[in-house]
Amino acid sequence: MSTAELLSTQEYKYGFVTDIESDMIPRGLTEDTIRLIVEKKNEPEWMLEFRLKAFRHWLTMTEPKHWPNITYPDIDYQNIIYYSAPKQKATKASLDEVDPELLRTFEKLGIPLTEQKQLAGVAVDAVFDSVSVATTYKEKLKKHGVIFCSFTEAIKDYSELVKKYLGSVVPTNDNFFAALNSAVFSDGSFCFIPKGVRCPMELSTYFRINNSESGQFERTLIVAEEGSYVSYLEGCTAPKFDRNQLHAAVVELVALDDAQIKYSTVQNWYAGDEQGVGGIYNFVTKRGKCAGKNSKISWTQVETGSAITWKYPSCILQGDNSIGEFYSVALTNHAQQADTGTKMIHLGKNTRSTIISKGIAAGKSNNSYRGLVKVMPKAEGARNYTQCDSMLIGSSCGANTFPYIEVMNDSSSVEHEASTSKISEEQLFYLQQRGISQEDAVSLIINGFCKDVFLQLPMEFAVEATRLLGLKLEGSVG
Amino acid sequence: MLEIRNLHAAIGGNEILKGINLTVRKGEIHAIMGPNGSGKSTLAKVLAGHPQYEVTAGEVIYEGKNLLELSPDERAREGVFMAFQYPIEVPGVSNAQFLRLAYNEKRKHLGEEELDPLEFKDLLKERAKVVDMDASFMTRSVNEGFSGGEKKRNEILQMAVLEPKLAVLDETDSGLDIDALRVVAGGVNQLLTPDNAIIVVTHYQRLLNYIVPDYVHVLAGGRIAREGGKELALELESKGYDWITNPNVAGSANLNAAS
């Protein structure tokens, strides 16, 4: 094969559309839109106030178009449908009452929801466009005191908890997209792990965007009480459309004393075609607060999809001795753009953070790491270690690293290492000389490059991530 | 097994090989010697299919097939192995993982069943004895942080696992101390059978004390300048390459001096 014949398109296997009747509200966004959403969801007055406050603030904000290393045409926020739900019975006594078409959709995505087929060891909340359609293992979890349900149910059934923590990590006025989400979010997942409980199974949410005209604005809130532990997984796919859909989610994590939250994402939203037509705009705010002493929040993300990725899963290390971790693989191909990284804000004494970021750019894509490590005056003895590695495949792509470091005391240490490499012809030749095909060789090198991150993923996710990277890069090196 | 006819090859438009003829039969060991720049490493890389080298004329028939039409990985699966002069590091990929993938590719090619990690571990343990490598090397990343000698031993381990029909050892002796040289050469000797063949590319006679060739070919200026039995290597050692490249000042260089 001749060199540098780049990038045959691997079919995006999740690109199908489910034909289902939807309950949609008209396009556009005004206070009336928000009142309509609240009415549809039958939400209490305090939620309306929360949303309106966010909306009014959003109107005063400008879209962060200039500092990230991404470009895209203006988004017409009045041309988006802010609520789209598959029509189904309002209350579902059991999963068997969920529309079979929806069950089939999720089954096709590898997420069987019916009781006979449910994934062992993983509880799933399945979100389709604007709403959660099913949550598995709810009853089993309840026996352990673990609450895992859709956000809609949480507002209804656990309003005190939601009221206490919603917006406590990502305030409604935090940033443009978080404000938008706070105004219009339609559903999502809520998890609560009570004091001393080690959640007996992995919790996960699977997000599916189906409607070509609607955005997805979901909200996840995870609260881990003193001494508890939870591992949470998130997966995302969307059909292939030739126009862009907006996904603006907010995820808030709260870890109290000695609690641990491990949050893993494999993001495979539709990325657009080779020319960059279509794909998801993924503008997401994810933040965790290590509120208690000795608490730990760990973000692991494998970002392979979306036309544009803009996200910085962060940790606020408030409790003394708390730990924040960020492990990331971001792969971009064709015309994809990613500006992603993390923020580690050290407030408490002896807080520690680790950042391992692996960026892989192929095709004409652009892949930036942007990270902030901020050590406040009272965070004595804080430590950070950051390692940012980029790998370039071909010569038309770009990788950038934007590290911001602010240290405000003398007893802290911050280490930053960065590297950029290319898959060399010699490396490929070496592996090929041992009988390994060129594509397998690329995949092997990439997986080796990402190993430190994949080791952090739960087993099944690691296998999925390995496979996904191979697929995404198929044919990318000639 | 291998028939090279009038092989010409260039890199970046620069012709390095200018008409090589060589026949290798099963069970034979051939040594390719020559001064720096004579084209001996180029010959090894062309046989393995290195993408930077362009074959401008001639042909190479291997086991009845036109070798030059095959991609590097196809050649490898057909049993052509090259031990690299400078083995490449593959960070994050364990030696065992790499070797199993390579081994299973070959099994698939032969229509045999692939080995699972446990089965392969047993096989690897057995083969590692050939070059006296302990288990800790199997979990380390391929060649990463290996000493020069360990890298060369790792090459021979790969050869032991893949059991090539034709092994080309490109300056496998370079950078080895005498003990490591013995281990590596001993490993190669254990792997020679009546059904395979080895081409040893080397600058120095030293290695040929341990891997004794049936034939010695001396390259100069991209051509085979002289051929003979193992005694030719000894003669070269005493007389120096000048004896071949510049007969008037014969005997001026000691081949072992630089080692």
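Ten-bridge pairing is a good place to start: 10 bridges tie strand S18 of chain A to strand S20 (residues 366-375) of chain A, and the two run parallel. This is a predicted model, so read what follows in that light. Below are the parallel strands of chain A, a helix with a buried side, two loop residues with positive phi, the A-B contact, and then the sheet and helices of chain B.

**Parallel strands in chain A: S18, S20 and S22**

- S20(A) is mostly covered, with 9 of its 10 residues buried.
- Looking at the pairing with S18(A), Asp339(A) has Ser368(A) of S20(A) as its bridge partner.
- S20(A) also pairs with strand S22 (residues 398-407) of chain A, again through 10 bridges and again parallel.
- Here Ser368(A) turns up once more, standing opposite Asn400(A) in S22(A).

**Parallel strands in chain A: S17, S19 and S21**

- Strand S19 (residues 352-361) of chain A is mostly covered too, and 8 of its 10 residues are buried.
- Strand S17 (residues 323-332) of chain A runs parallel to S19(A), and 10 bridges join them.
- Within that pairing, Val329(A) is matched with Lys358(A) of S19(A).
- S19(A) also pairs with strand S21 (residues 383-392) of chain A, in the parallel sense and over 10 bridges.
- On that side, Thr354(A) sits opposite Tyr385(A) of S21(A).
- As a general point, side chains in a regular strand alternate between the two faces of the sheet.

**Helix H1 of chain A**

- Thr33(A), Ile34(A) and Ile37(A) are the residues to look at in helix H1 (residues 31-40) of chain A: they are buried.
- These three span an arc of only 95 degrees around the axis, which puts them on the same side of H1(A).
- Turned away from that buried side is a face carrying Asp32(A) and Glu39(A), which are exposed.
- What do the buried residues of H1(A) pack against? Their partners are helix H2 (45-59) and helix H7 (176-184) of chain A.
- Just past the end of H1(A), Asn42(A) adopts a positive phi of about 55 degrees.

**Two loop residues with positive phi in chain A**

- Tyr137(A) is not a glycine, yet has a positive phi of about 60 degrees.
- You'll find Tyr137(A) in the loop between strand S4 (131-135) and helix H4 (138-143) of chain A.
- Tyr137(A) is buried, with 21 other C-beta atoms within 10 Å.
- His334(A) is not a glycine either, and its phi is positive at about 50 degrees.
- His334(A) belongs to the loop between S17 and strand S18 (337-346) of chain A.
- His334(A) counts as buried, having 22 C-beta neighbours inside 10 Å.

**Where chain A meets chain B**

- Chain A puts 20 residues into the contact and chain B puts in 22 residues.
- On the chain A side, helix H8 (425-433) and helix H9 (438-449) each supply at least two residues.
- H8(A) gives the largest share of that side, at 7 residues.
- By class, the chain A side splits into 7 nonpolar, 8 polar and 5 charged residues.

**The six-stranded sheet of chain B**

- Chain B has an open sheet of 6 strands in the order S6-S9-S10-S3-S11-S12, with mixed pairing.
- Strand S6 (80-83) and strand S12 (223-228) of chain B form the edges; each has a single partner strand, so one side of each lacks a neighbour in the sheet.
- From one strand to the next, the twist averages 20 degrees.
- Strand S3 (residues 29-33) and strand S11 (residues 215-220) of chain B pair in the parallel sense over 4 bridges.
- There, His30(B) has Tyr215(B) of S11(B) as its bridge partner.
- Helix H1 (residues 40-48) of chain B packs on the sheet and touches S3, S6, S9, S10 and S11 of chain B, while its direction makes about 145 degrees with that of S9(B).
- Helix H8 (residues 230-239) of chain B lies across S3, S11 and S12 of chain B, at about 45 degrees to S11(B).

**A helix pair in chain B**

- The axes of helix H6 (residues 148-162) and helix H7 (residues 178-191) of chain B come within 10 Å and cross at roughly 5 degrees.
- H6(B) and H7(B) are therefore roughly parallel to each other.
- Residues making this contact include Ile156(B) and Met159(B) of H6(B), and Val184(B) and Leu191(B) of H7(B).
- The contact of H6(B) with H7(B) has 8 nonpolar, 2 polar and 2 charged residues.

Notes: Residues numbered from 1 in each chain as written. Chains lettered and ligands numbered in written order. Predicted model: local features only at pLDDT ≥ 70, side-chain atom pairs only at ≥ 80, totals over all residues. Axes fitted to C-alpha atoms, helices over the stretch in contact; angles between N-to-C directions. Parallel < 35°, antiparallel > 145°, perpendicular 65-115°, else oblique. Contact = placed C-beta atoms within 7 Å. Nonpolar A, V, L, I, M, F, W, Y, C, P; charged D, E, K, R; others polar. Buried ≥ 20, exposed ≤ 12 C-beta atoms within 10 Å, placed from the backbone. Pairing = 2+ DSSP bridges. Arc of directions from axis to C-beta.
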